Amino acid sequence: MKEMNKLRIFGVVSLLVVVCGVFVYATSDRLSKLHWHEGTAMYFPPTVDFAGEKAPLNIYDVRERFDRELLVNANLHSSTILIMKRANRAFPIIEPILAKYNVPDDFKYLAVIESALTNAVSPSGAKGFWQFLPDTAREKGLEVNDIVDERYHLEKSTEAACKYLLSAKEKFGSWTLAAASYNGGMNGVGKKIDEQMVGNYYDLLLTDETSRYVFRILALKEIMKNPNQYGFDISKQDLYENLPTKKVEIDSSITDLAQFAKTQGVNYKILKLHNPWLRDKKLENKNKKKYVLEIPTAGY
């Protein structure tokens, strides 16, 4: 009987030890998460890099500048959620083009901060996902006029952006500086490097916009890759998707795009939504240039 009691007591004590251990572990884990603010807009990652180039978060101003952009974008809930939804549609188009040109995948987040993944128009006249000015767009091979503006063509404008970034990388030897020059210009960033006698983005004193630029890219990259860490919970069914389309090649003029749309089984609105580079009600094509139109086959 005494042996039985001893066994019971031992069993109860063992159970208490196990329960206490689980409780302590759970409490410790919860406190650890609270300490690092995991799952909230206050979360700050231990490390971060752009295109494999590590940001020196041990430098106080670098850490604070990154913290600012994290807090701003993690708390812009509706804007950041919309960007995440659009990314599901835009990134599958952008990513293979970056890979084709051997431009790091992280540059898709540059398009995010440039336009929020919309065909935006800036006060200075920059347009499209990659925010090209007319002259720069033409230099990179894009057609820009009142009838056709390929800054609104996601595939072609992404290729143009790759050409710029490869030139910038060759000039500066750093993807981070190449990204900064997309905002500050190659000449502008190069001049600051010469004046200040440093060769690292994080050591440069630049204009406020260019100083924030790479940190905004880093912040959106961090939030979009780890949304749950910042309190975002978006299900796959809530993301925007690309509709299936057919490609129609055109090498002649179209006098009436609304009438042409009807012949393709869609209306004028749908035609223009899927081909935003068409900027008029017609397509003049005296030189018989080959254009490829996207015509959705479902979802309208």
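In this predicted model, Asp106 is located in the loop between α3 (77-100) and α4. Its relative accessibility is 11%, and Asp106 therefore counts as buried, the cut-off being under 20%. The side chain of Asp106 makes a polar contact with the backbone nitrogen of Ala51, at 2.7 Å. Leaving aside residues up to four places away in sequence, Asp106 touches Asp49, Phe50, Ala51, Ile217 and Lys221.

From this loop the description turns to the nonpolar interior. As a general tendency, nonpolar side chains in soluble globular proteins are buried together. The largest nonpolar core here has 65 residues, and Leu117 and Trp130 touch the most other members. Two or more residues come from each of α2 (60-75), α3, α4, α6 (154-172), α7, α8 (186-196) and α9. The greatest contribution is that of α9, with 9 residues. The surroundings of Trp130 can be listed in detail: beyond residues up to four places away in sequence, Trp130 touches Ile94, Phe107, Leu110, Ala111, Glu114, Leu154, Ser157, Thr158, Ala161 and Tyr182. Apart from the core that holds Trp130 lies another core, of 18 residues, which includes Ile254, Leu257, Trp277 and Leu278.

Aromatic rings offer a second route through the structure. A search of the whole structure yields 12 aromatic pairs. One of them joins Tyr43 and Tyr230 in an edge-to-face arrangement, with 5.4 Å centre to centre and 75° between the planes. This pair links distant parts of the chain, 187 residues apart: Tyr43 belongs to the loop between α1 (2-36) and β1 (49-50), and Tyr230 to the loop between α9 (208-225) and β3 (245-250). Tyr43 and Tyr230 are both buried. A further pair is formed by Phe132 and Tyr182, whose ring centres are 6.3 Å apart; their planes meet at 65°, so this pair is also edge-to-face. Because Phe132 lies in the loop between α4 (108-115) and α5 (134-139) while Tyr182 lies in helix α7 (residues 175-184), the pair ties together parts that are 50 residues apart in sequence. Both of these residues, Phe132 and Tyr182, are buried.

Ring pairs extend this arrangement into a cluster of Trp130, Phe132, Tyr164 and Tyr182. Within the cluster, Tyr164 is part of helix α6. With a relative accessibility of 12%, Tyr164 counts as buried. A polar atom of the Tyr164 side chain lies 2.8 Å from the backbone oxygen of Ser181. Not counting residues up to four places away in sequence, Tyr164 touches Lys140, Ala178, Ser181, Tyr182, Gly185 and Met186. For Tyr164 and Met186, 22 residues apart along the chain, the C-alpha separation is 9.7 Å.

Another aromatic residue, Tyr152, has a charged neighbour: Arg279 lies over the face of the Tyr152 ring, at 3.9 Å from the ring centre.

The strands complete the picture. Strands β3 and β4 run antiparallel and are joined by 6 bridges. In one of these strands, β4, Tyr291 is the bridge partner of Ile250. Strand β4 (residues 291-296) has 5 of its 6 residues buried, and it is therefore largely enclosed by the rest of the structure. In a regular strand, side chains alternate between the two faces of the sheet.

Key. Residues numbered from 1 in each chain as written. Predicted model: local features only at pLDDT ≥ 70, side-chain atom pairs only at ≥ 80, totals over all residues. Heavy atoms only, no water. Phe/Tyr/Trp six-rings, centres within 6.5 Å; stacked < 30°, edge-to-face > 60°. Helix = DSSP H or I, 4+ residues; strand = E, 2+ residues; numbered from the N terminus. Buried < 20%, exposed > 50% of the residue type's maximum accessible area, 1.4 Å probe, protein only. Lys NZ or Arg CZ within 6 Å of the ring centre and 35° of its normal. Polar contact = N/O pair within 3.5 Å; in protein donor to acceptor, adjacent residues only side chain to side chain. Contact = heavy atoms within 4.5 Å. Pairing = 2+ DSSP bridges. Core = buried A, V, L, I, M, F, W, Y, C linked by side-chain atoms within 4.5 Å.
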